[in-house]
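Here are my notes for anyone opening this one for the first time. Have the model up beside you and go through the points in order.

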Amino acid sequence: MKWIYSVNDPLIETLAGSLILFIVIIVITRIIGLRSFAKFTAYDFAFTIAIGSIISSTLTSSTSLTHGAVAIASLLVLTYIFSFLQKKFSFISSIISNKPLLLMKGKTILYDNLKHARIEKPQLIAKLREANVLDFNQIEAVVLESTGDISVLHKSSSSDDININDTLLEDVREYP
């Protein structure tokens, strides 16, 4: 019966440990940078790693199912609380997640931003080719998204009169 629940399970310590590990993973991911875990925000990455670790230790060690379930439930509650706080207080969102970063403004490559994001010029050029950019005059903006993806906003031809809507670049940082 100990595999379901043990009186010795440190449930309070598990709750506190879940919170601490969640925050540590977010901080480390923010320091390492956006490209470290493409397709994930720091928040998504922390949650995914923590859940995987809990499942692994529950299935492969003497940790009881109740202990594992409490740990997973605490992480789910944490994600709910953090998402609520992000909506209510915008500064929390900026602490947890990186804001998108401008890599090109028009046809100008922002080399300091590339260096800050640890992206090489050939990687940027490859993204421009993927987006079917034929001429630098077509480019309105290139953005490193908070998920690590690179978005290329461009005109279909350099003679188009259409300019980018300011709303598309509303939360994008121009400087690192």
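How many aromatic pairs does the structure hold?

1. Just one aromatic pair turns up. The partners are Phe 89 and Phe 91, with ring centres 6.0 Å apart. Their planes sit at 55° to each other, and the pair counts as tilted. The cut-offs explain the label: planes under 30 degrees apart would be stacked and over 60 edge-to-face, so a pair in between is called tilted. As for Phe 89, its relative accessible area is 34%, so that ring's residue is classed as partly exposed. Keep in mind throughout that this is a predicted model.

2. Now step back to the overall layout. The protein has six helices and four strands. Going along the sequence, they come in the order α-α-α-α-β-β-α-α-β-β. There are 176 residues in the protein, and 33% of them are buried.

3. Where do the nonpolar residues gather? The largest nonpolar core has 15 residues. Within that core, Leu 103, Met 104, Ile 119, Leu 124, Leu 128, Val 142 and Leu 144 touch the most other members. Two or more residues each come from β1 (101–105), α5 (111–117), α6 (121–130), β3 (139–144) and β4 (150–154). Another core, of 13 residues, lies apart from that one, and its members include Tyr 43, Ile 51, Ile 92 and Ile 96. As background, nonpolar side chains in soluble globular proteins tend to be buried together.

4. Some nonpolar residues are on the outside, though. Leu 19, Ile 23 and Val 27 make a nonpolar surface patch of about 220 Å². Val 27 belongs to helix α1, which covers residues 11–32. Why does Val 27 count as partly exposed? Its relative accessibility is 42%, and the partly exposed class runs between the 20% and 50% cut-offs.

5. Gln 138 is worth a closer look. You'll find this residue in the loop between α6 and β3. Is Gln 138 buried or exposed? Gln 138 is buried, because its relative accessible area is 3% and anything under 20% falls in that class. The Gln 138 side chain has polar company on the backbone: one of its polar atoms lies 2.7 Å from the backbone nitrogen of Leu 134. A polar atom of this side chain is also 3.0 Å from the backbone oxygen of Ser 156. Then there is Asp 160, which is 22 residues from Gln 138 in sequence but 8.2 Å away in space, going C-alpha to C-alpha.

6. Last, a couple of backbone oddities to check by eye. Arg 118 is not a glycine, yet it has a positive phi of about 55°. Arg 118 sits in the loop between α5 and α6, and with a relative accessible area of 51% it is exposed. Asn 132, also not a glycine, has a positive phi of about 60°. The loop between α6 and β3 is where Asn 132 is found. Asn 132 is exposed too, at 56% relative accessible area.

Note on methods. Residues numbered from 1 in each chain as written. Predicted model: local features only at pLDDT ≥ 70, side-chain atom pairs only at ≥ 80, totals over all residues. Heavy atoms only, no water. Patch = residues over 30% accessible without salt bridge, like charges linked within 9 Å, V, L, I, M, F, W, Y side chains within 5 Å. Areas by Shrake-Rupley, 256 points an atom, 1.4 Å probe, with all protein chains shown as cover. Salt bridge = Lys/Arg side-chain N within 4 Å of Asp/Glu carboxyl O. Buried < 20%, exposed > 50% of the residue type's maximum accessible area, 1.4 Å probe, protein only. Core = buried A, V, L, I, M, F, W, Y, C linked by side-chain atoms within 4.5 Å. Polar contact = N/O pair within 3.5 Å; in protein donor to acceptor, adjacent residues only side chain to side chain. Phe/Tyr/Trp six-rings, centres within 6.5 Å; stacked < 30°, edge-to-face > 60°.
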